[in-house]
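I opened a new structure today and want to note what I looked up, entry by entry. Here is what I had on the screen.

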Amino acid sequence: HPSKTIEIQMQMKGFHAEAGQYIFVQVPEISWFEWHPLTLTSSPEENYFSVHVRIVGDWTNALAKRLGVGSGEFQPAHNLPTIRVDGPFGTASEDIFRFRTGVCIGAGIGVTPFASILKSIWYQSLNPEKTLKLKKVYFFWICPDTHSFEWFADLLKSLEEQMMEHGRSNFLDYNIYLTRGWGTDEAKNIMLHEDDMADPITGLQQKTHYGRPHWEQIFSNMATTHRGDDIGVFFCGPKVLSSQLHSMCNQHTDQPSDTRFFYHKENF
């Protein structure tokens, strides 16, 4: 993947995980003592489980080298290192399937568990043998720059194309907020391509927002649109934003719309 990110896919073989869970990974050849927490990016409906790892330190660099990343050669299974897995461990995000309307909010690295969750929601919505209570999903991604998570933008693009193909483009409403990371050249490029069908930053149909979300307006609109509904809000990211979102949920619950927001969090 771009931006020095690698994806590791492993066979299930007795392993089962739910959407949004994480595991601890150890590679004995690199270190007997280091166990690293990694969020699963595969969904339960896929026949493998996977993690995405950004190469940023000694352990991740050693892992990438041992996996043959950058060698340009295919690595047969018997040449790959043993990877030990502990888990999975659960998070509150699994509860999204209990609501008719779900709101997923990922900030920075907190966007990672939503790869699994969004894929699982989509697979389940296509399963004719499964009755899915969840009818509408709002996804908000707040990031300082998209370069670290270009693989996630690729995932959103794939989901976008599949939803359009199945005539369900309204099922997922996603919004990307770029809080910083653009300079004069990027600003000029954005203005030049303002009228393009695809966003110049992500290549997605939905245009990127620049700045931070106006949560008061967002929650007010959702409360009005889904009047009388119970809405599950799922957040993964820094504690400061978590407190703000929790406050928004309380503020907009049982207002004139009779809508109730239920807040779930995983802080980083």
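**Entry 1, the largest cavity.** I began with what lines the largest cavity: 8 nonpolar residues, no polar ones and no charged ones. I should jot down early that this is a predicted model. The lining residues are L118, I121, W122, V137, L159, M163, F171 and L172. Its volume comes to about 50 Å³. Which helices each supply at least two residues of this lining? I found helix 2 (113-126) and helix 3 (150-165). Helix 2 gives the most, with 3 residues.

**Entry 2, other cavities.** How many cavities of 30 Å³ or more does a search of the whole structure find? The search gives 4. I looked at the second largest cavity next, which holds about 50 Å³ of space. Its lining has 6 nonpolar, 3 polar and 1 charged residues. I wrote down the residues around it: M12, A17, E18, L40, S42, S43, P44, Y48, F49 and S116.

**Entry 3, strand 7.** V137, from the lining of the largest cavity, sent me to strand 7, residues 136-143. I checked how covered this strand is, and 8 of its 8 residues are buried. Then I sorted them by direction. K136, Y138, F140 and I142 point one way, while V137, F139, W141 and C143 point the other way. Both sets are buried. That split follows a general pattern: in a regular strand the side chains alternate between the two faces of the sheet.

I also wanted to know how strand 7 is joined to strand 6 (residues 101-107). The two run parallel, with 7 bridges between them. To have one pair to click on, I picked V103, whose bridge partner in strand 7 is Y138.

**Entry 4, a sheet of three strands.** Next I traced an open sheet of 3 strands, in the order 3-2-5, with antiparallel pairing. Which strands stand at its edges? They are strand 3 (36-39) and strand 5 (84-89); each has a single partner strand, so one side of each is left without a neighbour in the sheet. Neighbouring strands here are turned by 30 degrees against each other on average, ignoring direction.

I followed strand 2 (residues 22-26) along strand 3 and got 4 bridges, antiparallel. In that pairing, I23 has L38 of strand 3 as its bridge partner. My reminder to self: strands of a sheet pair through backbone hydrogen bonds, either parallel or antiparallel.

**Entry 5, two backbone oddities.** While on strand 5, I stopped at P88, which lies in that strand. The peptide bond leading from G87 to P88 is cis, and its omega is near 10 degrees. The other one is K13, which has a positive phi of about 40 degrees although it is not a glycine. I flagged both since most residues other than glycine have a negative phi, and most peptide bonds are trans.

Where does K13 sit? I found K13 in the loop between strand 1 (5-11) and strand 2. Buried or exposed? K13 has 75% relative accessibility, so it counts as exposed, the cut-off being over 50%.

**Entry 6, helix 5.** I listed the buried residues of helix 5 (residues 215-225) and got W215, I218, F219, M222 and A223. Why do they end up on the same side of the helix? Because they cover an arc of only 130 degrees around the axis of helix 5. On the other side of helix 5, I noted Q217 and T225 as exposed. The spacing made sense once I recalled that an α-helix has 3.6 residues a turn, so residues three or four places apart point the same way.

T224 also lies in helix 5. With 45% relative accessibility, T224 counts as partly exposed. I then looked up T224 and T259: they are 35 residues apart in sequence, and their C-alpha atoms are 7.9 Å apart in space.

**Entry 7, helix 1.** Last, I did the same check on helix 1 (residues 58-66), whose buried residues are W59, T60, L63 and A64. These cover an arc of only 135 degrees around the axis, so they sit on the same side of helix 1. D58 and K65 are exposed on the other side of helix 1.

Key. Residues are numbered from 1 along each chain as its sequence is written. This is a predicted model: local features need pLDDT of at least 70, side-chain atom pairs count only at pLDDT 80 or more; totals for chains, interfaces and linings use all residues. Side-chain values use heavy atoms; hydrogens and water are left out. Two strands pair if DSSP finds at least two bridges between them. Axes are lines fitted to C-alpha atoms, for helices over the stretch in contact, and angles run from 0 to 180 degrees between N-to-C directions. On a 1 Å grid over the protein atoms alone, a cavity is a set of points where a 1.4 Å probe fits but cannot get out, and a pocket is an open set with protein on both sides within 12 Å along at least five of seven lines; lining residues have an atom within 4 Å of a point. Grid points are joined across faces, edges and corners, and a volume is the space filled by probe spheres set on the points. Ala, Val, Leu, Ile, Met, Phe, Trp, Tyr, Cys and Pro count as nonpolar, Asp, Glu, Lys and Arg as charged, and the others, Gly among them, as polar. Buried means under 20% relative accessible area, exposed over 50%, partly exposed in between (1.4 Å probe, protein chains only). The arc is that of the directions from the helix axis to the C-beta atoms.
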